[in-house]
Amino acid sequence: MVISLTLLIVGILLTGLAIRQLVVKRKILAASVNGLLGVVVLLVASFVSMLFLSVQSYVQLTREQLLAEVEINAADSEMNELVLTIDGERRSYPISADEWRVDARFIKWKPWVALLGKEPVVRLESLSGREAGTGSRLIQVHNLHDDFAIVDRIVANLTDRFGMVDTMYGSSVYMPVERGARYRVSANHAGLIARPVNQEGRQAIIQWDR
């Protein structure tokens, strides 16, 4: 950004100098050279600015925010324990399903708001077990939050008055249950993302539905 601003200033100065030489001093050749240089510098400044905005847009739209970490431990010979860590707070849930699933509600901003660095608002809503072999039936649903009324009113106000909110929608992500596996749940402007963060998790992904 500094480079493009510098080039813009130099281009404006050269263009102004060319106009002064042409109008005041009647130096047509010098004015033509400086004017041409000024136009070239302004074009380069425009190109650099567009390139910077493109890169900035890509960074903003693909940047991820960490929401939670998931760890699967053995509770006993038949039951597993899922440890969900959110903002440093650890919560334990029994789980006997083949897969775990996290649901969240998204507040997606308009593109111009996102380009200013505003990340989407994500509210984790529920954690559940998911039995892949029975039509993806959800079992053992645990609510992660209780009341959304205040946030909903704020979003409705922003939508009506300022047009900052693009839409609200739900997003889910699920992964296999494997003892010792650890996962990380993140979010970007496209929705939820889950990734394994240790060997057990990566191996569970490789063997998933084999």
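At 25% relative accessibility, T15 counts as partly exposed, where buried means under 20% relative accessible area, exposed over 50% and partly exposed in between (1.4 Å probe, protein chains only). That residue opens a short tour of a predicted model, in which local features need pLDDT of at least 70, side-chain atom pairs count only at pLDDT 80 or more, and totals for chains, interfaces and linings use all residues. Residues are numbered from 1 along each chain as its sequence is written, and side-chain values use heavy atoms, with hydrogens and water left out.

**The chain as a whole**

- Five helices and nine strands make up the secondary structure of the protein chain; helices (H or I, at least four residues) and strands (E, at least two) are DSSP runs, numbered from the N terminus.
- Read from the N terminus, the order of elements is α-α-β-β-β-β-α-β-β-α-β-β-β-α.
- Of the 210 residues in the protein chain, 34% are buried.
- About 12700 Å² of the protein chain is exposed, and carbon and sulfur atoms supply 60% of that area; accessible areas come from the Shrake-Rupley method with a 1.4 Å probe, and for residues only the protein chains shown count as cover.
- Among contacts with a separation of 6 or more, 56% are between residues 24 or more positions apart; contact means heavy atoms within 4.5 Å.

**Helices α1 and α2**

- T15 sits in helix α1, which covers residues 2-23.
- The C-alpha atoms of T15 and V39 are separated by 7.1 Å, with their positions 24 residues apart along the chain.
- Helix α2 spans residues 28-62 and includes L36, a residue that counts as exposed at 57% relative accessibility.
- L36 joins V40 and V44 in a nonpolar surface patch, and together they have about 250 Å² of accessible area.
- Patches are made of residues with over 30% relative accessible area and no salt bridge; like charges are joined within 9 Å, and nonpolar side chains (Val, Leu, Ile, Met, Phe, Trp, Tyr) within 5 Å.

**The five-stranded sheet**

- Five strands form an open sheet in the order β3-β2-β1-β8-β9, with antiparallel pairing; two strands pair if DSSP finds at least two bridges between them.
- Strands β3 (89-95) and β9 (191-196) are at the edges with a single partner strand each, so one side of each has no neighbour in the sheet.
- On average, neighbouring strands of this sheet are turned by 25° against each other, direction ignored.
- Axes are lines fitted to C-alpha atoms, for helices over the stretch in contact, and angles run from 0 to 180 degrees between N-to-C directions.
- Strand β1 (residues 65-74) and strand β8 (residues 182-188) run antiparallel and are joined by six bridges, and Q65 stands opposite A187 in β8.
- Helix α5 (residues 199-206) packs on the sheet, where it touches β8 and β9, and its direction makes about 75° with that of β8.

**Around strand β2**

- E81 belongs to strand β2 and counts as partly exposed at 26% relative accessibility.
- Beyond its neighbours within four places in sequence, E81 is in contact with E71, I72, N73, A75, S92, Y93 and I95.
- From C-alpha to C-alpha, E81 and E71 are 8.2 Å apart in space, and they are 10 residues apart in sequence.
- D87 lies in the loop between β2 (80-86) and β3 and is exposed, at 76% relative accessibility.
- Most residues other than glycine have a negative phi.
- The phi of D87 is near 55°, a positive value in a residue other than glycine.

**Strands β4 and β5**

- Strand β5 (residues 121-131) is largely enclosed by the rest of the structure, because nine of its 11 residues are buried.
- Nine bridges connect strand β4 (residues 99-109) to β5, and the two run antiparallel.
- R105 is placed opposite R123 in β5.

**Salt bridges**

- The structure has five salt bridges, each a side-chain nitrogen of Lys or Arg within 4 Å of a carboxyl oxygen of Asp or Glu.
- One of them pairs E69 with R184, with the closest N and O atoms 3.6 Å apart.
- E69 is in strand β1 and R184 in strand β8, so this pair ties together parts that are 115 residues apart in sequence.
- E69 is partly exposed at 26% relative accessible area, and R184 is partly exposed at 35%.
- Another salt bridge brings together the side chains of E99 and R130 (2.4 Å, N to O).
- This pair links distant parts of the chain, with E99 in strand β4 and R130 in strand β5, 31 residues apart.
- Both E99 and R130 are buried.
- E89 and R91 also meet through their side chains in a salt bridge (3.6 Å, N to O), and E89 is partly exposed at 44% relative accessibility.
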